[in-house]
Amino acid sequence: MEALQISCTVVTCKSSPTTTTFKPRTSTSLKRSNIFSTSNGVLLSLKTSITDREIRFRCYQDGISISDAEEIDGKDKDGIFMTYKKKTDSGVSKIGEVIAESVADIGEAVEEVVKPKAAGETYNIVVVSSEAVPYSKTGGLGDVCGSLPIALAARGHRVMVVSPRYVNGSASDKIYKGALDAQCRIKIPCFEAEHEVAFFHEYREGVDWVFVDHPSYHRPGNPYGDQFGAYGDNQFRFTLLSHAACEAPLVLPLGGFTYGEKCMFLVNDWHASLVPVLLASKYRPYGVYKDARSILAIHNLAHQGVEPAATYKNFGLPAEWHGALEWVFPTWARTHALDTGEAVNIMKGAIVTADRILTVSKGYAWEITTVEGGYGLDGLISSRESVLDGITNGIDVDEWDPSSDVHIPFHYSIDDLSGKQECKAALQKELGLPVRPDVPLIGFIGRLDYQKGIDMIEAAMPELMMDDVQFIMLGSGNARMEDWMKATEAAYKDKYRGWVGFSVPISHRITAGADILLMPSRFEPCGLNQLYAMRYGTIPVVHCTGGLRDTVENFDPFANEGSGKGTGWTFSPLVKDPMLG
């Protein structure tokens, strides 16, 4: 932008070839902190206060001014949607939407604030996540944060991913061999001390992959815990991540120059949820990141980063911002009569400070506003419903393609499914099951925990094994369930196989070789395995909840004049008999 002049009555956005002037009415007051400007003036977002009501409006390069508008139609909800009508030089009224009511996908959600208007323009997007494939993964979060940045970069954006550099002393550490020391060290003030972190950098597929390095990320286990449970210092580890993510765009000269202050931060789950709070409390009051915006992507609200209230001082936040993270457990959830229930909730801090909130499916966006699905935050999330949206996760269709998948022994497509039968036979042989093309092969891939409905599978297994079926499970988690998988395999040697742990190649081979994929999740924000299954011609059988309900169309054998219609089977309620049925 060549010039941006601000006064109490006039704002001028000067760009070539047009000039657009906003003249707010005398009852309005302009708030400078909510102006977002781009390098050449293609997009300007203003926030005004009109009596007790807020209206957001935007000026695009073709230009609409308040003084020129014939009519402003404020039929918005909570001030986020508005239409304008402008009389042009030819006398024809021009009608348009100033702010979209919703967005179609995460890429468009990001571009809602930083939308390229001309070929060659790029914007700076910083994705902050505790995991990203292929470097680290425990679930769908890693898949999304490993593939979405590449898709955004393909749209012309400049994209950085910030994630910890996990080193556990195993062969998996070689995944970071392409990430080189950026020769940049910073000191982060938190936990009543200064902690030095380093940055490693790899440029791959158009994305800057930045890894925060600190001794707390160097240990056996997965990103969050080991066989003994969650790490006791996770609050410290992910506080470091959030602080480092805020500093990385300012200090790392990637490709010869930094990302700078005009960034869009896409923060994922509680591990990165301090980022919006830091932007609001530590940077903007000093004129830094005043034009930055943040989007909170909620992949699983069940995990919120709740710790005792006394730990607030560890975050390195100003004392007056305690209210943003303050959290009080209801009486029934307290441990004893003298427990006041006072805590800090990192996810809550992001919900109240982020500019936009996304979940990974439309159904889950609704569920988190209910008492059953909100985990205590339903009231707060409902109060921010005007900036809440649900966008179904996508999948990497190049990695998950049965016609070219490097992990499966035979390839096939919708035009020739013969390779799928060969994949089934190869899987049966690999795992030591009888090679039988006529027997239904059921697969399960996922964490062994309460959310995934693993107890439903345990309860149904004796009855299921009475039928002529084979069952393969891949997953890790609850130690008791891992032992149960081993015991079940010993009891049903010709029908059941349990693979304790996680293997990317095996997950691909199960998806390709199974006839049915079972997902009895109690709640599922989105779910990716059912999307992979449908991509591979494997029938998903899922509990009707969240993203599973949104993505799996229940089969109707009577549709299309009896030829049938649908992509899988859904069941409800979540009890054994409907699942078996």
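I take buried to mean under 20% relative accessible area. E367 has a relative accessible area of 10%, so I enter E367 as buried. The model I am reading is predicted.

**Entry 1: the whole chain**

I looked up the totals before going to single residues. The protein chain has 17 helices and 29 strands. Of its 581 residues, 52% are buried. I then took the contacts between residues at least 6 apart in sequence, and 63% of them join residues at least 24 apart. For the accessible surface of the protein chain I noted about 25700 Å², with 53% of that belonging to carbon and sulfur atoms. I also wrote down the count of salt bridges in the structure, which is 18.

**Entry 2: E367 and its partner**

I went back to E367 and asked which side chain E367 meets in a salt bridge. The partner is R549, at 3.4 Å from N to O. E367 sits in helix α7 (residues 362-367) and R549 in helix α15 (residues 546-551), so this pair ties together parts 182 residues apart in sequence. I checked the cover on the other side of the pair as well: R549 has 34% relative accessibility and counts as partly exposed.

**Entry 3: D468 and R436**

Next I looked at the salt bridge between the side chains of D468 and R436, where N to O is 2.8 Å. Both residues are in loops: D468 between α11 (454-464) and β25 (470-475), R436 between α10 (418-430) and β24 (441-445). They are 32 residues apart, and the pair links distant parts of the chain. I have D468 as partly exposed, at 43% relative accessible area. R436 is partly exposed too, at 27%. I also found D438 here, since salt bridges with shared partners join R436, D438 and D468 into one network.

**Entry 4: H214 and E196**

I asked whether H214 is buried or exposed. H214 has a relative accessible area of 10% and is buried. I located H214 in the loop between β14 (207-213) and β15 (225-226). Setting aside neighbours within four places in sequence, I listed the contacts of H214 as H195, E196, V197, F236 and L240.

I followed E196 from that list. The side chain of E196 meets that of K187 in a salt bridge, 3.6 Å from N to O. E196 counts as partly exposed at 45% relative accessibility. K187, at 53%, counts as exposed because the cut-off for that is over 50%.

**Entry 5: a sheet of three strands**

I turned to an open sheet and asked in what order its three strands stand. The order is β19-β21-β20, and the pairing is antiparallel. β19 (306-308) and β20 (326-328) are at the edges; each has a single partner strand, so one side of each has no neighbour in the sheet. I noted an average twist of 45° from one strand to the next.

I then looked at one pairing in detail. β19 pairs with β21 (residues 342-345) in the antiparallel sense over three bridges. V306 has N345 in β21 as its bridge partner. Last, I checked what lies over this sheet: helix α6 (residues 346-353) lies across β20 and β21 and runs at about 60° to β21.

Methods: Residues are numbered from 1 along each chain as its sequence is written. This is a predicted model: local features need pLDDT of at least 70, side-chain atom pairs count only at pLDDT 80 or more; totals for chains, interfaces and linings use all residues. Side-chain values use heavy atoms; hydrogens and water are left out. Helices (H or I, at least four residues) and strands (E, at least two) are DSSP runs, numbered from the N terminus. Buried means under 20% relative accessible area, exposed over 50%, partly exposed in between (1.4 Å probe, protein chains only). Contact means heavy atoms within 4.5 Å. Two strands pair if DSSP finds at least two bridges between them. Axes are lines fitted to C-alpha atoms, for helices over the stretch in contact, and angles run from 0 to 180 degrees between N-to-C directions. Accessible areas come from the Shrake-Rupley method with a 1.4 Å probe; for residues, only the protein chains shown count as cover. A salt bridge is a side-chain nitrogen of Lys or Arg within 4 Å of a carboxyl oxygen of Asp or Glu.
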